[in-house]
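Here is a walk through one structure, starting with a pair of helices and ending at the annotated residues. Keep the viewer open as you read.

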Amino acid sequence: MTHPAQPKASHFINGEYVEDTAGTPIPVIYAATGEQIATVHAATPAIVEQALSTAKAAQKEWAKMTGTERGRILRRAADIMRERNRDLSVLETYDTGKPLQETLVADATSGADALEYFGGLAASLTGEHIPLGEDWVYTKREALGLCVGIGAWNYPTQIACWKGAPALACGNSMVFKPSETTPLCALKVAEILIEAGAPAGVFNVVQGMGEVGGALVTDPRVDKVSLTGSVPTGKKVYAAAAAGMKHVTMELGGKSPLIIFDDADIDNAVGGAINGNFYSSGQVCSNGTRVFVQKGIKEKFLARLAERTGNAILGDPMDEATSFGPMVTENQMNIVLGYIEKGKEEGARVICGGARADMDGYYIQPTVFADVTDEMTIAREEIFGPVMSVLDFETEEEVVARANDTEFGLSAGVFTKDFTRAHRVIGNLEAGSCFINSYNDAPVEAPFGGVKASGVGRENSKEAIKHFSQVKSVYVRMGDVEAAF
Ligand code: NDP
C-alpha cells in the first residue's frame, strides 16, 4: 500500500503535478525508523526546461497584477496552511524526522506567517517622487523576474515559504528545488498557492540533487538565486550566479557564539542554550553552538544544564510528548557522531550524552561538552547536530575577540542583566541575527541572515523585499532638451 506521505508525482509545474520516471529515483526515508516512505525522481533536463520556461512565461502576467491582488492570494494561501496545520506538520515530520511537538508550531505556521506578512506588504511596494525644479524623477520598485530557490533539509516548508512569499509578493515567479533529503513539503506549498488562486507557473517545484540546482542557477533566463545551504555550496552557487551577473541571497551555515555573563539568570541562560543547540536535534543554522560561560558560574551552569537536558524525551516523533527527534539521515548521524568522537579525542569533557541513542532510527543523545578550547574541531566547524560546546571566559574584551575569531557570522547571543553591557557586546559582535537574553527567535517581522562567510542578503522583514526587487528611476523633463550641437 502506498504510504500517505507519497506525493502524487515528483514535481509541480504550471499548476499541476508532473512526473518523469526517467530521472534518478530519490528514496524518501523516515528518519525515526529508517523505513522508505516515498520515492521521487530527480528532474531530467526536460523537466528543468519545462519548469523554467513555464515560470518565465507566467512571471510577466503575475507582475501585471496589482499588489493588492497578489497579496490577497498569498494571504489566502496563509489561511489554508493554518487550517491544514496538523496534516502539514505530520508531513514535515515524515520529511525531516523532527518531532510533531515542534512541527505543529514551527513549520507550516512559520510558512503561513511569511505568506501573510509578504501578502500584506505586496500592495505597499511603491517608489518615490524626486522633485528637480520643473523636472522630476520618479522611481518604481520592479520585480527581478524569474527567481530560483534552493533549500536545505532542516525546514523544508519554512524555507519554501520564506523564499516564495517575498519573491511572489514583488511580482517574481519561482522555481524551487528542495533538498533531495526532504522533497515532500515544498510540493504542498505549491499546491496550496494554486488553490489560493495563484496563476499556474508562478511557483514551481522540481526535485533533484546539486546537479539540478546547478542547471537552474546557470540558466540565462534566471535573474536571482536564493540558496539556503552550507558555506561550501554557497561559494559554488554564488560563483555560478556571478558568472551570469544574477542577484543572490545566501543563507549559509554558522558556528555562532552564545555568551553568558556571571550576572545572568541561570535558568534563562540554560533555556537559551537548550533552544540554541537542541531544537530540531541541533539541525539549525543559527544555533549558538559555542556557549561561552563566565568562569564564576561555570559549574552551576553546567549542573543545571545537565539536569534539564536529562529531561529531553527521545522517542516516536509522532507522539506529541516527544521533545527530541532523530537526525535527518543516517549519513548526517554518522557525521555528527564523528564530531563527538573528535571532541573526546581532543580532550573535551562529556557532561551528558556523547553517543548514539539505543533505539531504532537515527537518534543521537543531546550532547554537552565542557572545557572546550578555541582550537578544538568541535569549536571551529559547523556540526549541524545536537552537540553543544561550553567554553570558559573571564573578561568581556577577551570573549568578544574569541567569539569573532571565526569565518562565520550568522548569529550571536548574550545573557546578562547589565543592559549597557548587553548592547555594547552585541554591537561588537560580527553577526547578522542577534539576541539579548534569548536565543533563536525568528519572527517574520525581523531581518534574518548572516555576515562574513555565513551569507549575503537577508530573508524576512521589509529587508527581503529589497532582495527580490529592483529600482527603476525615470527622469522626466518638462522643458526643451539642450544639446551641444
Ligand atoms: P547543502 O549545502 O549540502 O545543500 C543545500 C542545497 O543546495 C541542497 O538543495 C543541495 O542539493 C543544493 N546544492 C548542492 N550543490 C549545489 C550546486 N553545486 N548548485 C546548486 N545547488 C546545489 O546544505 P544541506 O542541505 O546539508 O543543509 C545544511 C546546511 O544549510 C548547513 O550548513 C546549515 O547551516 C545551512 N542552513 C542555513 C540556514 C540559513 O538560513 N542561514 C538555514 C538552514 C540551513 P542536494 O542536497 O539535494 O544535493
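Helices H14 and H15 cross in a right-handed way. This is a predicted model, so read every value below as computed from it. The two helices, with H15 covering residues 419–428, pack at an angle of about 35°, and their axes are 10 Å apart. On the H14 side the contact is made by Glu396, Val400 and Asn404; on the H15 side by Arg421, Arg424, Val425 and Asn428. Sorted by type, the residues of this contact come out as 2 nonpolar, 2 polar and 3 charged. As for the spacing, an α-helix has 3.6 residues a turn, so residues three or four places apart point the same way.

Which residues of H14 are buried? Val399, Val400, Arg402, Ala403 and Asn404. They pack against H15, but also against strand E12 (257–260), E13 and strand E16 (387–393).

Arginine 402 deserves a closer look. It sits in helix H14, which spans residues 396–404. Why does arginine 402 count as buried? Because its relative accessibility is 17%, and the cut-off for buried is under 20%. Its side chain makes a polar contact with the side chain of aspartate 374, at 2.7 Å. Beyond its close sequence neighbours (up to four places away), arginine 402 is in contact with Asp374, Arg290, Phe292, Leu391, Asp392 and Phe393.

Next, strand E17. Serine 411 is placed in this strand, which runs over residues 411–415. Serine 411 is buried, at 1% relative accessibility. A polar atom of its side chain lies 3.3 Å from the backbone oxygen of serine 433. Leaving out residues up to four places away in sequence, serine 411 touches Ser433 along with Ser256, Pro257, Ser286, Ala431, Phe435 and Tyr439.

Phenylalanine 415 also lies in E17, and it is buried with a relative accessible area of 2%. Its contacts, again skipping neighbours within four places, include Leu258, Ile259, Ile260 and Phe261, as well as Asn437 and Ser438. Phenylalanine 415 and serine 454 are 39 residues apart in sequence, and their C-alpha atoms are 23 Å apart in space.

Now for the annotated positions. UniProt, in an unreviewed entry, puts the feature "active site" at Lys163, Glu251, Cys285 and Glu459. Here is where three of those residues sit in the model.

| Residue | Location | Relative accessible area |
|---|---|---|
| Glutamate 251 | strand E11 (residues 247–251) | 4%, buried |
| Cysteine 285 | loop between helix H10 (266–278) and strand E13 (290–294) | 19%, buried |
| Glutamate 459 | loop between strand E19 (455–456) and helix H16 (461–467) | 5%, buried |

How are these residues placed relative to one another? Leaving aside residues up to four places away in sequence, glutamate 459 touches both Lys163 and Glu251, and its other contacts include Trp162, Ser226, Thr228 and Thr249. With lysine 163 there is a polar contact, side chain to side chain, at 2.9 Å. Seen from glutamate 251, the contact list (same exclusion) holds Glu459 and Arg458, a set of glycines including Gly229, Gly449, Gly450 and Gly457, and among others Leu227, Phe448 and Ser454.

Cysteine 285 has a second entry in the record: UniProt lists it (unreviewed) for "modified residue: Cysteine sulfenic acid (-SOH)". Setting aside neighbours within four places, it is in contact with Asn154, Leu252, Gly253, Gly254, Glu382, Phe384, Leu410 and Phe448. Phe448 turns up in the contacts of glutamate 459 too.

Finally, two backbone oddities. Methionine 245 has a phi near 55°, a positive value in a residue other than glycine. It lies in the loop between helix H9 (231–243) and E11. Is methionine 245 buried or exposed? Exposed, with a relative accessible area of 73%. Serine 461 also has a positive phi, about 65°, without being a glycine. Serine 461 is placed in helix H16, and at 3% relative accessibility it counts as buried.

How values were computed. Residues numbered from 1 in each chain as written. Predicted model: local features only at pLDDT ≥ 70, side-chain atom pairs only at ≥ 80, totals over all residues. Heavy atoms only, no water. UniProt positions renumbered as here; feature names shortened; annotations may be inferred. Buried < 20%, exposed > 50% of the residue type's maximum accessible area, 1.4 Å probe, protein only. Contact = heavy atoms within 4.5 Å. Polar contact = N/O pair within 3.5 Å; in protein donor to acceptor, adjacent residues only side chain to side chain. Axes fitted to C-alpha atoms, helices over the stretch in contact; angles between N-to-C directions. Left-handed = near helix turned anticlockwise from the far one by under 90°. Nonpolar A, V, L, I, M, F, W, Y, C, P; charged D, E, K, R; others polar.
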